[in-house]
Amino acid sequence: MDPINIRFSTDADRAAVLELAELDGKAAPQGEVLLAESGGRLVAVVGVVDGVSAADPFTLSADALELLKLRAEQERERRYGRGPLLGRLMLIRQRAGLIA
């Protein structure tokens, strides 16, 4: 297996994120998105705030997806404080439209 590269998405990645979500039959993450690439291909995505994820069902992407979820949780803790509870509360408020 090729190494996994994790990075934040840019505006140029939006079409690829939408395609991957459609391929996986899931909604695309909104806002800031972490990407996992392997072998030059996008294999998984996770929204930093909303936690929505999608992965390429035709590749071995489970490990990449788990790494992204862990990294997204670290970002939420860094931004909103320690503990997964606070991150989940921020997610609920964001989904309800109470925060941007």
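# Close-up views of a predicted model

**Figure 1. Helix H1 lies across strands S2, S3 and S4.** Helix H1 covers residues 14–24, and strand S2 covers residues 33–38. The direction of H1 is at about 90° to that of S3. Helix H2 also packs on the sheet, where it touches S1, S2, S3 and S4. The direction of H2 makes about 35° with that of S3. The model shown here, and in every view below, is predicted.

**Figure 2. The whole chain contains three helices and four strands.** Read from the N terminus, the elements follow the order β-α-β-β-β-α-α. The chain has 100 residues, of which 36% count as buried. About 6,000 Å² of the chain is exposed, and carbon and sulfur atoms supply 56% of that area. Among the contacts with a separation of 6 or more, 50% come from residues 24 or more positions apart.

**Figure 3. Four strands make an open, antiparallel sheet.** Across the sheet, the strands are arranged in the order S1-S2-S3-S4. Strand S1 (4–8) and strand S4 (53–55) are the edge strands, and each of them pairs on one side only. From one strand to the next, the twist averages 20°. S1 and S2 run antiparallel and are joined by five bridges. S2 and S3 pair in the antiparallel sense over six bridges, while S3 (residues 41–47) and S4 do so over three.

**Figure 4. Opposite residues can be picked out on neighbouring strands of the sheet.** Which residue of S2 does Ile4 stand opposite? Ile4 faces Ser38 in that strand. Further along S2, Val33 stands opposite Gly47 in S3. Val46 has Ser53 of S4 as its bridge partner. S2 and S3 form a hairpin with two residues between the strands, and in this hairpin Gly39 takes a positive phi near 65°.

**Figure 5. Strand S2 is mostly covered.** How many of the six residues of S2 are buried? Six of the six are. In a regular strand, side chains alternate between the two faces of the sheet. In S2, Val33, Leu35 and Glu37 point one way. Leu34, Ala36 and Ser38 point the other way, and all of these residues are buried.

**Figure 6. Arg7 and Glu37 form a salt bridge.** Side chains of opposite charge can pair when their charged atoms come close. In the pair shown, the closest N and O atoms are 3.1 Å apart. Arg7 lies in strand S1 and Glu37 in strand S2, so the salt bridge ties together parts that are 30 residues apart in sequence. Arg7 is partly exposed, with a relative accessible area of 26%. A search of the whole structure finds seven salt bridges.

**Figure 7. Asp56 forms a salt bridge with Arg41.** Their closest N and O atoms are 2.9 Å apart. Asp56 belongs to the loop between S4 and H2, whereas Arg41 belongs to strand S3; the pair therefore ties together parts that are 15 residues apart in sequence. Is Asp56 buried or exposed? With a relative accessible area of 3%, Asp56 is buried, because buried means under 20%. Arg41 counts as partly exposed, at 45% relative accessibility.

**Figure 8. Helix H2 carries a salt bridge between Arg71 and Glu75.** H2 spans residues 62–80, which makes 19 residues. At 1.5 Å a residue, H2 should span 27 Å, and its end C-alpha atoms are 27 Å apart, so the two values agree. Ala64, Leu65, Leu68, Ala72, Glu73, Glu75 and Arg76 are the buried residues of H2. The side chains of Arg71 and Glu75 meet with an N to O distance of 2.8 Å. About one helical turn separates these two residues, because they are four residues apart in H2. Arg71 counts as partly exposed at 29% relative accessibility, whereas Glu75 is buried with a relative accessible area of 4%. Elsewhere in the model, salt bridges that share partners join Arg7, Asp13 and Glu37 into one network.

Terms used:
Residues numbered from 1 in each chain as written. Predicted model: local features only at pLDDT ≥ 70, side-chain atom pairs only at ≥ 80, totals over all residues. Heavy atoms only, no water. Expected span 1.5 Å × (residues − 1). Buried < 20%, exposed > 50% of the residue type's maximum accessible area, 1.4 Å probe, protein only. Pairing = 2+ DSSP bridges. Axes fitted to C-alpha atoms, helices over the stretch in contact; angles between N-to-C directions. Contact = heavy atoms within 4.5 Å. Areas by Shrake-Rupley, 256 points an atom, 1.4 Å probe, with all protein chains shown as cover. Salt bridge = Lys/Arg side-chain N within 4 Å of Asp/Glu carboxyl O.
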